[in-house]
Amino acid sequence: MTRERFKLLSAVHLFLIREGQVLLLRRYNTGYEDGNYSVVAGHLDGEEEVRAAMAREAREEVGIKVAPQALQVVGVMHRRSDDERIDFFLTATTWSGQVANREPQRCDRLAWYDLDGLPQNVIPYVRQALENYRRGVWFDSFGWPSPSTTPPFHIRPLGDEDREWAAQLVATRWGAEEIVTRGAIHHVRRLPGFVAVAEDERVGLLTYHLTGKACQIVSLDSLWPGIGVGSALIQAARGAAQQAGCQRLWLITTNDNLETLGFYQRRGFALVAVHRDALAVARRLKPEIPLVGERGIPLRDEIELEIIL
Ligand SMILES: CC(C)(COP(=O)(O)OP(=O)(O)OC[C@H]1O[C@@H](n2cnc3c(N)ncnc32)[C@H](O)[C@@H]1OP(=O)(O)O)[C@@H](O)C(=O)NCCC(=O)NCCS
């Protein structure tokens, strides 16, 4: 016996663009969103490729001929309303024939509107799709409950029970369990820090070093990138630094770590110094430091970033 698979409805929508304006169609007597604007649109009938379906709808609804090559898929939306569906959004800027209302029994007005000046009564998901198009966002979902805003992990101070794990993590990711920056050796086993934990699994580590009025982030590693672990660990370090009366939170990264330079700056850190050839000094203390870093970039300089607290 074969299992009946879940089936989705699917529709195509056309953003017909002329001099920065999009063609809107006001729905009339259809039983769905009447009086509100949509775009040229229709369901996939099956056995019909997306662009062929779009060309068919354009011909049926506004009487124009659009070559499949002139149609570009610019957006996909997973939408939930009374049913569940996948909507495709396509654009065309060239076509032949005059745009005219070919379905007056279902549409009582055609109008061109600026993409940044749409009327109030555009069907909400169509408005969102047009906005996505303007911003270059190709995928979105609509009508679903918003995902939980509670992060799937929590942050706690690094405890004695974490030390072995922390040392091994740093050794694996940074070549040895000691970290050398500005000519000083930091023993990760002895540093305070924070751990990110998700369902009993450790998914991130930050260690820091307090000296007088400054707090240095010595190491930061996320094992679950892209869900906020790194940012939350920095927040925790910031809080610890403030509590300790520090005026400055700072760190060192290396000249090859371009992604991370962007990451830190997006979190408020400013570049304050380039310590040229500092890695030559560091290598004397930690020979494991390679000569070549990320993306084949020679590993040479220490870059200092800070946040004034
Ligand atoms: C740098 C590093 C620590 C970042 O950790 P992370 O856990 O990925 O950090 P976050 O998840 O907080 O942020 C990463 C990106 O994910 C995005 N993000 C965070 N939470 C998100 C969420 N819930 N949904 C979607 N995106 C999210 C952030 O916006 C961020 O992107 P942005 O910098 O363009 O704004 C991690 O990449 C890493 O371990 N790198 C290797 C070690 C390293 O270089 N450490 C620094 C040494 S100086």
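Let us begin with the open sheet of this predicted model. The sheet has seven strands in the order S9-S12-S13-S14-S15-S17-S16, and the pairing is mixed. At its edges lie strand S9, residues 154-157, and strand S16, residues 270-275, each of which pairs on one side only. From one strand to the next, the twist averages 25 degrees.

As a reminder, strands of a sheet pair through backbone hydrogen bonds, in either a parallel or an antiparallel arrangement. Within this sheet, strand S13, residues 201-211, and S14 are joined by eight bridges in the antiparallel sense. To give one position, His209 has Gln216 in S14 as its bridge partner.

S14 also leads us to the ligand. Which elements give two or more residues to the shell around the ligand? The ligand is surrounded by 16 residues, and the closest are Ser222, Pro225, Gly228, Gly230 and Ser231. The elements that supply two or more of the shell residues are strand S14 (214-222), helix H4 (229-243), strand S15 (248-254) and helix H5 (258-266). Sorted by class, the shell holds six nonpolar, eight polar and two charged residues.

I turn now to helix H1, residues 50-62. Its 13 residues should span 18 Å at 1.5 Å a residue, and the end C-alpha atoms are indeed 18 Å apart, so the two values agree. Which residues of H1 are buried? They are Arg51, Ala53, Met54, Ala55, Glu57, Ala58, Glu61 and Val62. In an α-helix there are 3.6 residues a turn, so residues three or four places apart point the same way. The buried residues of H1 pack against five strands by name: S1 (9-18), S2 (21-27), S4 (40-43), S6 (84-92) and S7 (107-114). Just after the helix comes Gly63, with a positive phi of about 70 degrees.

That brings me to backbone angles. Most residues other than glycine have a negative phi. Two residues in this model call for attention here.

Glu47 is not a glycine, yet its phi is positive, at about 55 degrees. Glu47 sits in the loop between S4 and H1. Is Glu47 buried or exposed? It is exposed, because 7 other C-beta atoms lie within 10 Å, and a residue counts as exposed at 12 or fewer.

Asp200 is likewise not a glycine and has a positive phi of about 70 degrees. Its place is in the loop between strand S12, residues 193-198, and S13. Asp200 has 5 C-beta neighbours inside 10 Å and therefore counts as exposed.

Methods:
Residues are numbered from 1 along each chain as its sequence is written. This is a predicted model: local features need pLDDT of at least 70, side-chain atom pairs count only at pLDDT 80 or more; totals for chains, interfaces and linings use all residues. A residue is near a molecule or strand if its C-beta atom, placed from the backbone, lies within 6 Å of it. Helices (H or I, at least four residues) and strands (E, at least two) are DSSP runs, numbered from the N terminus. Ala, Val, Leu, Ile, Met, Phe, Trp, Tyr, Cys and Pro count as nonpolar, Asp, Glu, Lys and Arg as charged, and the others, Gly among them, as polar. The expected span of a helix is 1.5 Å times one less than its number of residues. A residue is buried if 20 or more other C-beta atoms lie within 10 Å of its own, exposed if 12 or fewer, and partly exposed in between; C-beta atoms are placed from the backbone. Two residues are in contact if their C-beta atoms, placed from the backbone, lie within 7 Å. Two strands pair if DSSP finds at least two bridges between them. Axes are lines fitted to C-alpha atoms, for helices over the stretch in contact, and angles run from 0 to 180 degrees between N-to-C directions.
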